[in-house]
Protein chains: 2
Amino acid sequence: MNIKDVSTKLDIPADTLRYWERVGVIPPVTRATSGYRDYQPADLDWCNFAKCMREAGVSIEALIEYIDLYQQGDSTTDTRKTLLEDQLATIQAKRDAVQATYDKLAYKIAHYGQHGLNPFAHKEEK
Amino acid sequence: MNIKDVSTKLDIPADTLRYWERVGVIPPVTRATSGYRDYQPADLDWCNFAKCMREAGVSIEALIEYIDLYQQGDSTTDTRKTLLEDQLATIQAKRDAVQATYDKLAYKIAHYGQHGLNPFAHKEEK
DNA sequence: ATAAACCTTGGAGTGGGCTTTAAGGCAAGG
DNA sequence: CCTTGCCTTAAAGCCCACTCCAAGGTTTAT
C-alpha cells in the first residue's frame with residue numbers, strides 16, 4: 001500500500017506520515033525495491049496508534065520514546081508498559097477536564113440569557 | 001486583585017493573562033488609575049472561562065470571535081449561542097476521541113505482552 | 001529617599017508540529 | 001519513449017500560542 005492510499009484510508013496527510021517516520025513516532029516503514037514506502041498491516045497499525053495518541057494529546061516526544069523502547073526489543077517491555085500507564089493517566093486527566101468543560105458549557109447554553117448563571121464564574125453570583 | 005494574584009489563583013502565567021487580553025481572548029480588564037490591571041470578579045470569570053475552553057482544545061481564534069460578539073452587546077446573543085453550540089459539538093467529538101483512545105490503551109495495558117491483541121490494529125489480527 | 005518588588009508596553013524570540021519547496025527518480029498508460 | 005502522476009529526500013518555511021526581554025513607571029517598606 002503506497003503512502004497516498006494510507007493517507008486517504010487513515011485520513012492523515014502524506015507529509016505527516018513521512019514526518020512521523022522521520023522523527024521516529026512510528027517505526028521505519030517497509031520499503032519496495034524502488035525505495036518507495038509499501039505499508040504493511042503492521043505499519044498501518046503503528047500509524048493508527050500514533051494517530052489515536054496524538055488526537056488524545058500525547059506529545060510527539062513521548063511517542064518517540066515509546067517507539068525507541070519498542071525497537072530495542074523485549075527487554076524493554078516493562079518500561080514500555082510503565083510509559084503507557086503514565087500516558088493513560090495523562091489522557092484520563094485530559095478526558096476529565098474536557099468533560100468538565102463540556103458539562104459547564106452545556107449548562108451555559110441551556111440557560112443562555114438568564115442572568116447570573118455563568119457556570120464559569122469563579123464564585124456563585126447571586 | 002493584581003495580575004500576580006490572579007496568576008497564582010487560577011494557575012495561568014501572568015504573561016498569558018496579558019497575551020489573552022491583548023489579542024481579545026478576554027475582554028479588557030479593569031484598570032487602577034496607575035494603569036495597573038485590577039481584576040474584578042467578572043474579569044476572573046472571563047479568565048476562568050478562557051482557561052477551561054483552551055484546556056478543552058478551543059482555539060484562540062474562536063474565543064476572540066466569541067468575545068468580539070459579546071462586546072457588541074445583546075444584539076449578538078443568538079449568534080453567540082450558536083457559536084457556543086458549535087464549540088460544544090467540537091468538544092464532544094474531542095471527548096469521544098480521547099475516551100476511545102483511553103479505552104483502547106487501558107485494554108492494551110491490561111493485556112500487555114499477549115500476542116495478537118493490539119487494540120490499535122487496523123483490522124483484527126487473528 | 002532609596003531599594004525592592006511590583007507593574008506597564010511593544011516587540012522579539014521560542015517550541016511544537018507540521019507543511020511546503022526544490023530537485024529529482026520510478027511506474028503505468030498510450 | 002513520452003507523458004502523467006506518483007514517489008523520494010533534505011532543508012527551509014510556517015503557524016499557533018505563548019514566553020521572554022528591554023526600558024521604564026508605581027508602590028511599599030525601611
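**Notebook: helix α4 of chain B and its surroundings**

I looked up what helix α4 of chain B packs against: its buried residues (buried meaning under 20% relative accessible area, with a 1.4 Å probe and protein chains only) are in contact (heavy atoms within 4.5 Å) with α5 (77–110) of chain A, and with α2 (14–23), α3 (41–55) and α5 (77–110) of chain B. I noted that this is a predicted model, in which local features need pLDDT of at least 70, side-chain atom pairs count only at pLDDT 80 or more, and totals for chains, interfaces and linings use all residues. Residues are numbered from 1 along each chain as its sequence is written, chains are lettered from A and ligands numbered from 1 in the order in which they are written, and side-chain values use heavy atoms, with hydrogens and water left out.

**Entry on α4(B)**

I listed the buried residues of α4(B) as B:I60, B:A62, B:L63, B:Y66, B:I67 and B:L69. An α-helix has 3.6 residues a turn, so residues three or four places apart point the same way. I then checked the span of this helix, residues 60–71: at 1.5 Å a residue, its 12 residues should cover 16 Å, and the end C-alpha atoms are 16 Å apart, which agrees. The expected span is 1.5 Å times one less than the number of residues. Just after α4(B), I found B:G73 with a positive phi of about 95°.

**Entry on chain A**

I counted 5 helices and 0 strands in chain A, where helices (H or I, at least four residues) and strands (E, at least two) are DSSP runs numbered from the N terminus. The radius of gyration, taken over C-alpha atoms, is 21 Å for chain A, well over the 14 Å that the globule rule gives for 126 residues, so the chain is more spread out than a compact globule. That rule is 2.2 Å times the number of residues to the power 0.38. The C-alpha atoms of chain A fill a box of roughly 70 × 35 × 20 Å along the principal axes. I also noted that 40% of the 126 residues of chain A count as buried.

**Entry on single residues**

Where is A:D11 placed? I located A:D11 in the loop between α1 (3–10) and α2 (14–23) of chain A. A:D11 is not a glycine, yet its phi is positive, at about 55°. A:D11 is exposed (over 50%), with a relative accessible area of 62%. In chain B, I found B:D11 in the loop between α1 (3–10) and α2, with a positive phi near 55°.

I last looked up B:D103, which lies in helix α5 of chain B. B:D103 is partly exposed (between the 20% and 50% limits), at a relative accessible area of 41%.
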